[in-house]
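Me: Please examine closely a single part of this model, namely one packing contact, and place it beside a general description of a chain. Which residues form it, and how are the partners oriented?

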There are 2 protein chains.
Amino acid sequence: MARLDNLAKMAPRATGQQVYEDLHGQIVRGELTPGQALSETKVAEHYGLSRTPVREVFWRLGEDGFIRVIPQVGTFVAPINIPAVYDSQFVRETLECRAVADAARAATDPAIGVLRTLLADQTAAMKSRNFATFFALDEAMHRTLMTIAGRPFVWQVITGAKAQLDRVRFLSLGDEEWPSMIMDQHRGIVDCVAAHDPAGAVRIMTAHLRTAFAAIGRIATAHEDFFEGSGTHSDEPE
Amino acid sequence: MARLDNLAKMAPRATGQQVYEDLHGQIVRGELTPGQALSETKVAEHYGLSRTPVREVFWRLGEDGFIRVIPQVGTFVAPINIPAVYDSQFVRETLECRAVADAARAATDPAIGVLRTLLADQTAAMKSRNFATFFALDEAMHRTLMTIAGRPFVWQVITGAKAQLDRVRFLSLGDEEWPSMIMDQHRGIVDCVAAHDPAGAVRIMTAHLRTAFAAIGRIATAHEDFFEGSGTHSDEPE
DNA sequence: CTGAAGCAGCTTGTATCCAAGGATACAAGA
DNA sequence: TCTTGTATCCTTGGATACAAGCTGCTTCAG
């Protein structure tokens, strides 16, 4: 019976997972800026771990393109690579548009109910200007559409591909009249899926995905030092 | 001037990279079979390394879906997950077909020359039944098409997505009259690209990618113990 | 005053040690 | 003979110690 006391550390790799999500979130949200130095030792101390699990986290972040590990020199938050962002857009648009057409054909009533619930939650999050929550709900809706299309595994491909894209998208949140436009598009997509209208769903999805993308030029200008090839290598510790 | 003597270990992580490619290749080629146990210690000893770099390799292979690490139990070569293979096919077909259309529009004479060279090399490899070489050349051609389409970063997305697909494809090589069919399709694609015929290129590419995929049912039957949910968990060491 | 050499402090890479948990073989008892 | 408890060996997870290398500052020589 003495098996309940070690619930805290039941999952061996859970600690590293926590660190990964923390750093991942901080980079996507722009709290850690490109060029900023990250030290395995510092991070390990901060979380009360040793370097070993932190190194695995760093390796994953490096594969995702979020950080760059330079042997014997240091680890730095990676800048946003514009060509890579373009290709990510290509991947996402191509896969999601085909999938949303399938989703429109396959959608069942319960599935449509889930989508409408997500829409309501998004509206609430947007009203309270809780962008982080909205960000998560937006992602949940796109993933749900992928599941409805019968392609659950494809979402993790998109997750990997849109890594850099997310950073741009987050920079664009909080700007202008966007929120209402995004919500209108979400509603339109769900309506088309509910009406089993693949063509309509694809049309709006394409416009939707390109909305965020269209702003990339403006964003790159506004946040110049977040992007590749724009100098400032802020090495200094705070 | 005494800087040439340490060429062997110039790149710190090169050793791990070597181990990764070795194991990756062995799994894709089916030399390591699903369920087979892999030990960090054994692998480390075999390559003359410590467990630390091997653990990072295992982590990567785990993320790729090639192996499964079970804490405190062991590490095993993962079975081929059929639904994941279907989704990989979806990803690859969707992305490559759109890209090959762009490639057909954008192809320059030098690019077409590269493709024709690859075709010739493939023919030679196929004639000598050097399947591993053919496998690499096949991959090189698809990647080249992606580059011609102006989407170099997309290839690494496909690389990740088609991980499981490759294992199936390798199992199918060596069977039947396939080789000639594949070569005919490759020639057809290159001809369409050279003729700037996007529609034709997409048509043949679709057929091409589905050719290998169509055999999955037969392959799953012929190599039953390579796939998920088919019993045999061969733990025993040789 | 300028420049180069050397040293100190940092980084990541690797090796090794200990901890915790699961699988299995074996022995003892019913 | 079957069941059960135990001991041992195996695995991976994590922590720590050591090695190698780059950066930048200091210092000394010209």
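**Chain A in outline, and a helix pair in chain B**

Reply: In this predicted model, 74% of the contacts in chain A between residues at least 6 apart in sequence join residues that are at least 24 apart. Chain A contains 11 helices and three strands. Read from the N terminus, its elements follow the order α-β-α-α-β-β-α-α-α-α-α-α-α-α. Chain A has 238 residues, of which 50% count as buried. The area exposed by chain A is about 11700 Å², and carbon and sulfur atoms supply 57% of that area.

The close look concerns chain B, where helix H4 (residues 82-106) packs with helix H7 (residues 154-161). The axes of these two helices lie 9 Å apart and form an angle of about 160°. Because angles over 145 degrees count as roughly antiparallel, H4(B) is roughly antiparallel to H7(B). The crossing by which H4(B) passes H7(B) is left-handed.

From H4(B), the residues that make this contact are Ser88(B), Val91(B), Arg92(B), Leu95(B) and Glu96(B). H7(B) contributes Val154(B), Trp155(B), Val157(B), Ile158(B) and Ala161(B). By residue class, the contact of H4(B) with H7(B) comprises seven nonpolar residues, one polar residue and two charged residues. Ser88(B) is the polar member, while Arg92(B) and Glu96(B) are the charged ones.

Key. Residues numbered from 1 in each chain as written. Chains lettered and ligands numbered in written order. Predicted model: local features only at pLDDT ≥ 70, side-chain atom pairs only at ≥ 80, totals over all residues. Heavy atoms only, no water. Axes fitted to C-alpha atoms, helices over the stretch in contact; angles between N-to-C directions. Helix = DSSP H or I, 4+ residues; strand = E, 2+ residues; numbered from the N terminus. Parallel < 35°, antiparallel > 145°, perpendicular 65-115°, else oblique. Left-handed = near helix turned anticlockwise from the far one by under 90°. Contact = heavy atoms within 4.5 Å. Buried < 20%, exposed > 50% of the residue type's maximum accessible area, 1.4 Å probe, protein only. Areas by Shrake-Rupley, 256 points an atom, 1.4 Å probe, with all protein chains shown as cover.
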